[in-house]
Amino acid sequence: MYERILVPTDGSRVANAAVDHAIDLADKYGAEVHALFVADVEAVNYSLGTEQVDRIRQGNFQGMSELREDAEEATGYVKQQAEALGLQAVERHAGGRPHSVIAEYAAENDTDLIVMGSHGRSGVRRALLGSVTERTLRSTHVPVLVIDYERIEE
Amino acid sequence: MLIGLLSATPVVAQSEELLPEGLDISFKLIPGVTVVGMMLLFLGVGYLYKVANTGDMWVAGRSIGNVENGMAIGANWMSAASYLGMAAVIALSGVYGLAYVVGWTTGYFILLIFMAAQMRRFGKYTAPDFVGDRFNSDAARALAAVTTFLIGFVYALGQARGMGLVGMYVLGDITAVVPLGGLSAYQAMMTLFMLITIGYLALSGMLGATKNMVLQYTILIVAFLAGLLVTGWSAGYSTVLPQIEYGMLINDLSAEFSDPFAGGSYYLWIATCFSLVFGTCGLPHVLVRFYTVQNERVARWSCTWGLFFICLLYLSAPAFAAFGTALYGDQIGAVYGDPGMTGAAGDVIVVLATQLAGLPTWLVGLVAAGGIAAAVATTAGLFIAASSAISHDIYANIINEDATQRQQVLVGRLSIIAIGVLTIIFALDPQQPIAALVGFAFSLAAIVLFPMFFLGLWWENANRQGALAGMVSGLVLWFIPMLNEGNFGLVNGGDGWGIELLTTWMPAIGSALVATPLVLAIMIVVSIVTDEPPERTKMMVRQCHSPDPMPKDKTAADIVAEKTHKTPPADD
């Protein structure tokens, strides 16, 4: 049923919580795990400066050491978990608006399932910080499994 | 001296209401459309080149060339201070104003020789990043971030004043149509354009930065040079090379314009020049481009091209000032003496000159729109530098190390709103002309940040204690003359302490001449008497000067980590 499972991750605890679910499913179905890190261009603009946005565009990602380390750490965690169980893992680092990159990647790579974490925010916090997961739901036709981080805490 | 000259003008006109005499303040349709059109064009071109999703960041894209980089440097640099303020200070204070032309170009030489390539090799994102990593200290990072924020704020005050004054030419006195709670025409216009700037920033986040800046530069320089050429031509002062031909006017202009040091003492000239030269090397929004270029060769050539593109404007500003002064003298009244030209009129001399030369409204509007666009574009750059100082350097690096990207966006947006509101409040009643306000930001950069960059890159024994002592004393040294002269209106209701000795020898606009060497000395002495920095840091400094070419995808820290066969330890 599931041959390719996509796990978008930013390396946060919320994202890593979803990784366990994804790996477990992949193990059951013998699926390939795709770990995708998306550098949010808007975040890069506000936190690193407009010039750095151009740098991503130019493909000079190698020179952006801190962002690169974040990306490698995030997808590396998924790969490590997958390979511990002898599963195939693919790492990918991309830039842009996270939800649209995730949807694009899922469409291009014949993904069967997207597994991602959510903060389970509501009210003002949701309005301010938004939800990548929610926006992904609206931009893709691939089934999405949402792991609510708050629930796990309980 | 500059400050003296301004206080000789009626104080009431200065503090109660900023109203440039002689400027035609009324609503004008075509110039209004030009301003809006220019902003839309910036957004439109930015949108065309907007950052598409990059599916795989390891695949190399097209790189940005030297000339393009140079134009982007020019656009980022050319603010209301260059476009309006420089001609203004030359018109008001004559030869004293040349300190700006000399200072702002010489600064690029120092940058080119001592810092551009080395900065690229060190390979960091922001100025506070560099300071934090070079001196292994979060406290140093925070101080540099606060300074970056403060520089953005002070610099933006000058831009806000420029937007408000020129805006009055374009849109007239909007308070006559909609009373805005007792705001003056200038205040209403300044607030309006600052709000537009913040809106522009919100829209421009995803846009292709460099392409957009190349376009901005082209439009600004065309507006400025066309204004100058046509003004000189139609007033009969010059033909095709006003930058040189204005020399023939010198004998006809008042002695205040052409006599050396009539508008400011020799010492003040040197002090201002010094501040501007070294401030240029410490300005975060200027340096930011050098961290991102492909390699150090591109860094050097971008700097050279940037200087060339900036010079196109700077060689023309004195001519514009001369024409403006002559036209003002002919049509409005004596430029110097009592009452003389006010600071407000001086700050719009570029627009005023084209208007007084009897040029059609659309052309005057083009020059005015260029001034506003220059202010908006540079303010946007400054605000982004300030927001990255807060969201990246203070929030993500110190307060919440696990910050998500969305949280950083939120903090970034909040800090932009904060700096915008602060700027609007303090720019309601600016006590100084544009050039002076921006000059204060340069003093701050020269005193606090330049020593960190310079010693940080060139002296491996400069350590954390030295940097902290240097930055703290630098901030104090910058504030003393600022408050003494009553800036920010915080002391004695804006009169300041008025200590004569300080005003003469450590004027706020040129305080770096005294303070920068002091900060350098403090940093050196403290570094010598305390422990040397760790070997890894020293190796990073050496790597910045190594004769071996460095691979473009590596920073000095990567190379050092490879050499020592271990990953760099986390910052403390």
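**View 1. Strands E2(A) and E3(A) side by side.** In this predicted model, E2(A) and E3(A) run parallel and are joined by eight bridges. Pick out A:Phe37 and you'll find A:His93 of E3(A) standing opposite. E3(A) is mostly covered, too, with six of its eight residues buried. Helix H2(A) lies across this pair of strands, E2 and E3 of chain A, and runs at about 40 degrees to E2(A).

**View 2. The whole sheet of chain A.** Zoom out a little and you get an open sheet of five strands, paired in parallel, in the order E3-E2-E1-E4-E5 (chain A). At the edges sit E3 and strand E5 (144-148) of chain A, each pairing on one side only. From one strand to the next, the twist averages 25 degrees. As a reminder, strands of a sheet pair through backbone hydrogen bonds, either parallel or antiparallel.

**View 3. Where strand E1 of chain A meets E4(A).** Strand E1 (residues 4-8) of chain A pairs with E4(A) in the parallel sense, and the pairing spans two bridges. Which residue is the bridge partner of A:Ile5 in E4(A)? That would be A:Leu113.

**View 4. A positive phi at A:Asp110.** Just before E4 of chain A there's a loop to look at: A:Asp110 lies between helix H5 (98-108) and strand E4 (113-118) of chain A. Its phi is near 50 degrees, a positive value in a residue other than glycine. Why bother with a close-up? Most residues other than glycine have a negative phi. Is A:Asp110 buried or exposed? A:Asp110 counts as exposed because it has just 9 other C-beta atoms within 10 Å, and the cut-off for exposed is 12 or fewer.

**View 5. A positive phi at B:Asn136.** Chain B has a case of its own: B:Asn136 is not a glycine, yet its phi is positive, at about 50 degrees. Look for B:Asn136 in the loop between helix H7 (127-134) and helix H8 (138-171) of chain B. With 18 other C-beta atoms within 10 Å, B:Asn136 is partly exposed.

**View 6. Chain A against chain B.** Here 39 residues of chain A are in contact with 48 residues of chain B. On the chain A side, at least two residues each come from strand E2 (32-40), helix H2 (41-48), helix H3 (50-57), strand E3 (89-96), H5 and helix H6 (123-129). H3(A) supplies the largest share of that side, eight residues. Sort the chain A side by class and you get twelve nonpolar, 17 polar and ten charged residues.

**View 7. Helices H21(B) and H22(B) packed together.** Helix H21 (residues 434-458) of chain B packs on helix H22 (residues 464-484) of chain B at an angle of about 165 degrees, with axes 8 Å apart. That angle makes H21(B) roughly antiparallel to H22(B), because anything over 145 degrees counts as such. Their crossing is right-handed. On the H21(B) side, the residues making the contact include B:Phe440, B:Leu444, B:Ile447 and B:Met452. Facing them in H22(B) are, among others, B:Gly470, B:Gly474, B:Leu475 and B:Trp478. How many charged residues does the contact of H21(B) with H22(B) have? There are no charged residues here, but twelve nonpolar and three polar ones.

How values were computed. Residues are numbered from 1 along each chain as its sequence is written. Chains are lettered from A and ligands numbered from 1 in the order in which they are written. This is a predicted model: local features need pLDDT of at least 70, side-chain atom pairs count only at pLDDT 80 or more; totals for chains, interfaces and linings use all residues. Helices (H or I, at least four residues) and strands (E, at least two) are DSSP runs, numbered from the N terminus. A residue is buried if 20 or more other C-beta atoms lie within 10 Å of its own, exposed if 12 or fewer, and partly exposed in between; C-beta atoms are placed from the backbone. Two residues are in contact if their C-beta atoms, placed from the backbone, lie within 7 Å. Ala, Val, Leu, Ile, Met, Phe, Trp, Tyr, Cys and Pro count as nonpolar, Asp, Glu, Lys and Arg as charged, and the others, Gly among them, as polar. Two strands pair if DSSP finds at least two bridges between them. Axes are lines fitted to C-alpha atoms, for helices over the stretch in contact, and angles run from 0 to 180 degrees between N-to-C directions. Angles under 35 degrees count as roughly parallel, over 145 as roughly antiparallel, 65 to 115 as roughly perpendicular and the rest as oblique. A crossing is left-handed if the near helix is turned anticlockwise from the far one by less than a right angle, and right-handed if clockwise.
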